[in-house]
Amino acid sequence: MKKQKTSTIKAYHPLLILIVIFFIVFSGKIMFIQATGEWDGFDLEQWANQQREIKAVTKAARGSIYDRNNMVLAQDLHVYRLYAIVDESFSPNPEKRLNHVADAAYTAKALAPIIGIDEQEVHSIIENGRSDGRFQVEFGREGTNLTREQKLQIDALELPGIHFIEEAKRYYPNGIFASHVIGLAQTDDEQVITGITGIEAQLDDLLTGEDGAIRFLQDNYKDPLLNDEAQILEKADGYNVHLTLDQKVQTILEDALSQVETEFNPKRITATVIDPKTGEILAMGSRPSYDPNNLGNVTNWFNDIVSTPIEPGSTMKIFTLAAAIEEGVYNPNETYQSGAYKIPEITRPVPDYRKHWGTISYAEGFQRSSNVAMAKLVWEKIGTDNFLSYLKAFQFDQLTGVDLPRETMGRLVYRYPIEQLNAAFGQGTTVTPIQIVKAATAIANNGKMMTPYIIQSITDPNTGEVIQSSEPTIAGEPISQETAAQVLKAMESVVTEPTGTANGVFELPSYTLAGKTGTAQISGGASGYLTGRENYIFSFIGMAPSEDPELLMYVTVQQPELEPTEAGSKPVSFIFNHVMENALHYQNIQPDKDEITVVKEMVMPVHIGLDTKTTVEKLEAIGIKVTVVGDGQVVSASNKQAGETILSSDHVLLVTDQPIMPDLTGWSLREAVQLSQLLQLDHEIVGQGFLIKQSITPGTSIDQGDYILLDFTEFNPEIMEEVETED
């Protein structure tokens, strides 16, 4: 027995050794895993955390763009994208709860009128998605950019399988408003808003914020682990940009541009309003333009004011005159023979557009916009080399340095004698409108030429810190203060003297004006200049008040469609006179004429929470146009703030505590949108111009969030006063 037992132990001895070895190895591996959290190079702890980890991205907002008075010009807007789950497997217990679209016909009938798609099309999208084995379907363009009101309407239907994705898009509250300046930003496929043109593109890196995130671990019951500290990466919203633009001045300009565009159908219009003492651009607009909220067919993405050189025509004569005065060779009373000027170095004489003035003074020659007077000054008095130095002193040979993208510059064509003579009156040589504006600030600002700028400041909304700000910069002093004053007097005579090309056409009721007209030829390529009375760029540069200009404005209108009795200056003068007069009043510039002021300025009184009837009587007594929205006894909202400076031409909207939809027929787009925003309506805009149709019937009670369709059409302004003039 003893021998048998010993033999059995010996037989199992190797097995025991293997078991012990395995146990030691296994225990060691377990301890190694516990110590290191790894298995065969694989990080088990990291893997476990990943299974329990929840990450959530907090989206950063793109910075907003404001005018100089903190009025929003561009901002993010939250919209919704609709999708439907069509996979039956997403409803494991359909009798208890449906998580997918089970009844396609009912769902289509309910959704179609809200998102604006034909019922059959909605039904087909759902059924085709189901038959293709898809998990979910979307509804094309109509199913995107849904408003909060549309989302709430659909939510109220409690349709199984219908869900939304919240997205952000760029919104421009004023529609067609300095569109080429502000630019355009759009959402890409990854739902990132990216600048494409204008300030939006130029400052895209600063406007774009940095997304944040939050990370935490959860247990099997989806509850956060108590001993886990959540990791939070704070988001950083994009920087805000404040422009020098003034929303009110820009709005006045946009309205004038739209009316001229409708009435005269020109190929192009440009207009710039600047403070000549600082270089701040208060308004800048052009046509054709576009509504960044509804792009449609955009025919021009470029800001012609900074990107498109033109021949300036006779507006260039103010700089020729300035050079002659600065050189001390200009005698306004000296006479010369007008009509034509011939020197041996040219084959054909330089002509005046009319040849029957005879012998006139140089002062009258400037008023009549005589080409001969300017050519003689350059060739016989200033000298061609010296004149070129003045053109360079006014920096027509370089970029202006304006803080806008895609700036180009014109070209000084000045090699041959005929080119040197032509440059004296703005032919052959090209400039951009912003180059003319910059050079003209020297005339309006005592000889100091200012660099134009439009970005006032850039601020960090996360800290309130101003990270960049702009200050007025003197770009040069091409002429003296005395010369600038004499040029201003000469320009004033162009407006006031009967022989002046601007007399009776360019005139401000309340302010004296110094200016110069221009009629530039348009190159037709190899065939030479275009012919015909409409094939010109008609322009005007003006400064007011003339003795000490506070505002400077330059307007160009290319190839307007004119009646036989209409002069090319007619559309230009409509824009200039309307905008300059109203802008000066809005800027609180003291009128320097004795005539009765057409537009008055006043301070908006306190009105919110006050009696409606009393408020209306007070405003109408001082000449303000008032529209009361509703029949409530108390004013609850208004488009004007107490203490705000308003003009007698402004339209004040007073919303009562019982709002009722007014008749908006004939209202401008800006006025209609203002009302919609005050009432917090979900508005949709069709067309542009002035309103012809509204979806909410006048007299209907309205609630916050109600939907309204605003249908606009082009406006046909009354025929303006006919004036014949030539340049």
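Let us start at Val402, which sits in the loop between α14 (384-393) and α15 (417-424); helices here are DSSP runs of H or I with at least four residues, strands are runs of E with at least two, and both are numbered from the N terminus. The model is a predicted one, in which local features need pLDDT of at least 70 and side-chain atom pairs count only at pLDDT 80 or more, while totals for chains, interfaces and linings use all residues. Residues are numbered from 1 along each chain as its sequence is written, and side-chain values use heavy atoms, with hydrogens and water left out.

Val402 has a relative accessible area of 5%, so this residue is buried. Buried stands for under 20% relative accessible area, exposed for over 50%, and partly exposed for what is in between, with a 1.4 Å probe and protein chains only. What does Val402 touch, leaving aside its neighbours within four places in sequence? The contacts (heavy atoms within 4.5 Å) are with Ile281, Val306, Glu407, Ile434, Pro452 and Tyr453. Ile434 is 32 residues away along the chain, and its C-alpha atom is separated from that of Val402 by 8.2 Å.

Now step back to the whole chain for a moment. The protein holds 20 helices and 33 strands, and 48% of its 727 residues count as buried. Of the contacts between residues at least 6 apart in sequence, 70% join residues at least 24 apart.

The loop between α14 and α15 also carries Phe396, whose partner Phe319 lies in helix α11 (residues 317-326), 77 residues apart from it. Their rings have centres 5.2 Å apart and planes at 75 degrees, an edge-to-face aromatic pair. For such pairs, the rings of Phe, Tyr and Trp (its six-membered ring) must have centres within 6.5 Å; planes under 30 degrees apart are called stacked, those over 60 edge-to-face, and the rest tilted. Phe319 is buried at 1% relative accessibility, and Phe396 is buried at 0%. Together with Phe394, Phe319 and Phe396 make up one aromatic cluster.

Helix α11 itself is mostly covered, with nine of its ten residues buried. Among them are Ile318, Leu321, Ala322 and Ile325, and also Lys317. In general, an α-helix has 3.6 residues a turn, so residues three or four places apart point the same way. After α11 comes Gly328, with a positive phi near 75 degrees.

By the ring rule above, the count comes to 13 aromatic pairs. Which way do the rings of Tyr336 and Tyr362 meet? Their centres are 4.8 Å apart and their planes stand at 35 degrees, so this pair is tilted. Tyr336 belongs to strand β15 (residues 335-337) and Tyr362 to helix α12 (residues 362-368), so the pair ties together parts that are 26 residues apart in sequence. Tyr336 is buried at 3% relative accessibility, and Tyr362 is buried at 2%. A ring also meets a charge elsewhere: the charged end of Lys151 sits over the ring of Tyr80, 5.5 Å from its centre. That label asks for NZ of Lys or CZ of Arg within 6 Å of the ring centre and within 35 degrees of the ring normal.

Further along the chain, Glu566 lies in the loop between β25 (551-558) and α18 (569-586). Is this residue buried or exposed? Its relative accessibility is 4%, so Glu566 counts as buried. A polar atom of its side chain lies 2.8 Å from the backbone nitrogen of Glu563. Not counting residues up to four places away in sequence, Glu566 touches Phe264, Arg533 and Glu561.

Our last stop is an open sheet of three strands in the order β27-β30-β28, with mixed pairing; two strands pair if DSSP finds at least two bridges between them. The edge strands, β27 (625-629) and β28 (635-638), each pair on one side only. Strand β30 (residues 651-656) runs parallel to β27, and five bridges join the two. Within these strands, Val628 stands opposite Leu654 in β30.

Between β27 and β28, the loop includes Asp631. Asp631 is partly exposed, with a relative accessible area of 48%. Leaving aside neighbours within four places in sequence, Asp631 is in contact with Thr656, Gln658 and Ile660.

Terms used: A polar contact is a pair of N or O atoms within 3.5 Å; within protein, one must be able to donate a hydrogen and the other to accept it, and residues adjacent in sequence count only if both atoms are side-chain atoms.
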